[in-house]
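Here's a quick tour of one protein model, from its overall build down to its main pocket. Have a look at it first.

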Amino acid sequence: MNNTTHQKRPTLAFEMFDWLEVVVTAIIAVVLIFTLVFRVATIKGRSMQNTLFENQKVIITNWLYTPKNGDIVVVSRNIDNSPSVDQAKTPIIKRVIAVSGQTVDIDFTAGVVYVDGVALDEPYTRTPTNLSYDVTFPLYVPDGYVFCLGDNRNDSLDSRSSMIGENGLIDTRYILGHADWRIFPFDQIGKIDHE
């Protein structure tokens with residue numbers, strides 16, 4: 001008789017349980033990543049043309065993020081800062097023009113935006129900034145806020161309007177994330193140009 005100990009082969013049920021554990025762990029990891037690190041946002045409207053167009057999809061992230069000039073951000077809206085109830089829960093996507101500690105001024109006749117007295121070079125804009133709303137300039141951006149504009153300046157409801165944020169200023173706590181990558185349509189997948 002052989003004295004060696006024979007190891008039992010795993011049963012089919014055990015192997016299936018092992019695979020199920022791996023699949024569940026992978027699903028939980030993906031859900032956590034897409035909840036805490038990445039999200040997908042769909043572009044609505046024309047306010048970011050010619051950088052982003054209607055129905056394009058972008059990946060946004062808020063992981064260890066601090067807003068910077070030129071960033072494209074997705075901002076949450078609520079009933080208190082929405083132009084209408086229908087748009088109350090629709091996030092907006094805009095470009096950060098100024099961050100806390102900076103002063104924004106706009107010459108609406110010339111269509112030029114100034115930050116801290118320096119005219120911005122904005123090759124990404126579709127039109128000059130000729131459209132004004134009700135925010136008074138120059139405007140100082142306090143701590144914890146940003147000033148944002150759409151790239152399609154004459155077809156964008158943004159920080160020039162008191163209907164957005166607090167008198168046009170957007171609280172950074174309401175920034176859902178910044179967009180760096182376009183993922184749809186598939187023939188346009190790639191990094192979003194911020195310049």
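Of the contacts between residues at least 6 apart in sequence, 62% link residues at least 24 apart, a contact being heavy atoms within 4.5 Å. Keep in mind that this is a predicted model, where local features need pLDDT of at least 70, side-chain atom pairs count only at pLDDT 80 or more, and totals for chains, interfaces and linings use all residues. Numbering starts from 1 along each chain as its sequence is written, and side-chain values use heavy atoms, leaving out hydrogens and water.

The protein has one helix and twelve strands, with the helix coming at the N-terminal end of the order and the strands following. These are DSSP runs, H or I of at least four residues for helices and E of at least two for strands, numbered from the N terminus.

As for exposure, 37% of the 195 residues are buried, meaning under 20% relative accessible area with a 1.4 Å probe, protein chains only. The accessible surface is about 11900 Å², and carbon and sulfur atoms own 59% of that.

Now for the largest pocket, which holds about 440 Å³ of space. Its lining counts 20 residues, and Lys44, Gly45, Thr90, Pro91 and Ile92 sit closest to the centre. Two elements, β1 (38-42) and β4 (92-99), each give two or more residues to that lining, with β4 supplying the largest share, three residues. By class, the lining splits like this:

| Class | Lining residues |
|---|---|
| Nonpolar | nine residues |
| Polar | six residues |
| Charged | five residues |

Here Ala, Val, Leu, Ile, Met, Phe, Trp, Tyr, Cys and Pro are nonpolar, Asp, Glu, Lys and Arg charged, and the others, Gly among them, polar. A pocket is an open set of points on a 1 Å grid over the protein atoms alone, where a 1.4 Å probe fits, with protein on both sides within 12 Å along at least five of seven lines; lining residues have an atom within 4 Å of a point.

Conventions. Grid points are joined across faces, edges and corners, and a volume is the space filled by probe spheres set on the points. Buried means under 20% relative accessible area, exposed over 50%, partly exposed in between (1.4 Å probe, protein chains only). Accessible areas come from the Shrake-Rupley method with a 1.4 Å probe; for residues, only the protein chains shown count as cover.
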